[in-house]
Amino acid sequence: MPIITIDTHSGFCFGVVRAIAEAERQLSDRKASRQTKDGTSPCNPADGHAANNQDDSSLHNPAPLYCLGEIVHNTEEVQRLESLGLRIIDMEQFRQLKDAKVLIRAHGEPPSTYQIAQENRIQLIDATCPIVLKLQQRIKAGFEQMQAQGGQVLIFGKAGHAEVIGLNGQTGNRAIVVGSLQEVEKLDFSKPTMLFSQTTMDAEKYAEIARYIAAQCQKHQVEFKSVDSICKSMSQRAGQLREFALQQDAIVFVSGKQSSNGKYLYSICRSYNPDTFFVSSADELKAGDFLDAQGQNRFARIGVCGATSTPMWLMEDVARHIHQFCPELTDAAGSESHTAVSPNPKCTPSSAVPQSSHTAENRPASEESRQSIPASDASKQPGPEPESL
């Protein structure tokens with residue numbers, strides 16, 4: 001009987017889970033304060049943010065909760081949080097706010113954002129991912145070290161990405177942001193160099209860049225330091241998806257169209273399983289993707305997976321819609337483990353992807369995964385020994 005399986009490694013990373021949980025908590029407190037009739041503070045005393053000089057009107061109409069930028073690159077999840085009262089604003093709108101409450105998302109922010117908040121009496125709810133926060137501190141210290149040696153700091157990442165803006169802000173925007181080996185090859189490595197990475201970048205591409213810089217610095221006999229700042233759970237996703245894609249006859253990959261992580265992980269799925277479909281919501285599914293001309297199921301095993309910005313509830317919604325097209329499908333649920341099956345003979349990988357294992361947390365924060373898919377180890381060519389973040 002045909003089976004549909006949701007990849008339990010897919011979904012929100014820890015940092016996003018944490019940020020969304022904080023947003024939900026703040027919005028829940030706000031809702032409770034609107035219902036307050038006894039004059040108590042709308043702010044939870046436990047969070048240390050009790051409001052001052054409030055009148056009865058502010059108790060029943062508390063200030064809205066703003067979020068600086070989309071809390072996650074997924075339209076469906078953003079709309080869900082907006083329905084609860086979250087208001088998304090950009091930097092220009094942030095600069096105009098006074099006496100407001102603003103959530104800092106997991107991507108983090110540069111020091112200038114905190115300065116604006118102080119000047120405008122904005123209360124920040126800082127949900128910066130702890131891994132990103134530690135990286136910001138390391139980059140600041142690394143930049144100071146390189147400055148003292150007449151060196152330079154490079155950040156491997158996507159220019160303009162929220163996390164990269166926050167990271168480069170630690171250097172006063174004086175680090176060099178590079179997105180590819182081709183960009184790196186244009187630089188001067190006759191000076192000491194320290195390399196960092198945006199936490200969600202491709203680990204293999206980072207290693208390739210690190211090897212090139214190490215060779216160039218060795219030629220010039222100058223110091224080179226590579227700091228391994230790619231989030232381990234992110235670097236493991238590629239291998240997990242490879243294993244998952246090889247176990248299925250077809251893959252439905254769920255992600256926001258603007259998610260760079262989604263585009264990257266989708267390309268991995270498609271390279272190992274050509275019958276991979278990209279959708280942002282269940283509404284984009286078509287019966288013809290799963291049924292032949294006679295109305296019979298085209299696939300015996302359908303896998304549903306997604307990006308680090310895809311909520312589990314959305315993948316479950318997609319699975320339910322697939323059931324409507326293919327009523328004979330059953331869920332691969334109920335067991336805590338799943339034995340890997342032989343790879344599909346039609347799925348020939350176009351490139352090697354490192355593998356590992358990881359258990360993801362998904363939205364809502366209390367949701368538990370339905371099934372565990374083991375992943376095997378794969379070897380890869382080592383680059384220069386990096387420092388661990």
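Annotated binding-site and active-site residues

In the predicted model, S260 lies in helix 11, which spans residues 260-272. With a relative accessibility of 27%, S260 is classed as partly exposed, because this value falls between the 20% limit for buried residues and the 50% limit for exposed ones. When residues up to four places away in sequence are set aside, S260 is in contact with K158 and H161.

S260 belongs to a group of positions that an unreviewed UniProt entry lists under "binding site", namely H73, H107, H161, S259, S260, N261 and S309. These positions are spread over 237 residues of sequence, yet they cluster in space, the largest C-alpha distance among them being 14.5 Å. The lining of the largest pocket includes H73, H107, H161, S259, S260, N261 and S309. The contact between S260 and H161 therefore joins two residues of the annotated group, with the cut-off for such a contact set at heavy atoms within 4.5 Å.

A further member of the list, S309, is found in the loop that connects strand 12 (301-306) to helix 12 (312-325). The relative accessible area of S309 is 6%, so that this residue counts as buried, the criterion being a value under 20%. Beyond residues up to four places away in sequence, S309 touches F12, V72, H73, N74 and S259, and of these contacts H73 and S259 also appear in the "binding site" annotation. The side chains of S309 and S259 are, in addition, joined by a polar contact of 3.3 Å.

The feature "active site" is placed by UniProt, again in an unreviewed entry, at E163. This residue is part of helix 7, which covers residues 162-169. E163 is buried, because its relative accessibility is 3% and the limit for this class is under 20%. Leaving out residues up to four places away in sequence, the contacts of E163 are H107, V132, L135, Q198 and T199; among them, H107 is one of the positions that the UniProt record lists for the "binding site".

Helix 7 also contains N168. At a relative accessibility of 9%, N168 likewise counts as buried. Its contacts, with residues up to four places away in sequence excluded, are I155, N173, R174, A175 and V177.

Technical notes:
Residues are numbered from 1 along each chain as its sequence is written. This is a predicted model: local features need pLDDT of at least 70, side-chain atom pairs count only at pLDDT 80 or more; totals for chains, interfaces and linings use all residues. Side-chain values use heavy atoms; hydrogens and water are left out. UniProt positions are given in the numbering used here, feature names are shortened, and annotations may be inferred rather than shown by experiment. On a 1 Å grid over the protein atoms alone, a cavity is a set of points where a 1.4 Å probe fits but cannot get out, and a pocket is an open set with protein on both sides within 12 Å along at least five of seven lines; lining residues have an atom within 4 Å of a point. Helices (H or I, at least four residues) and strands (E, at least two) are DSSP runs, numbered from the N terminus. Buried means under 20% relative accessible area, exposed over 50%, partly exposed in between (1.4 Å probe, protein chains only). A polar contact is a pair of N or O atoms within 3.5 Å; within protein, one must be able to donate a hydrogen and the other to accept it, and residues adjacent in sequence count only if both atoms are side-chain atoms.
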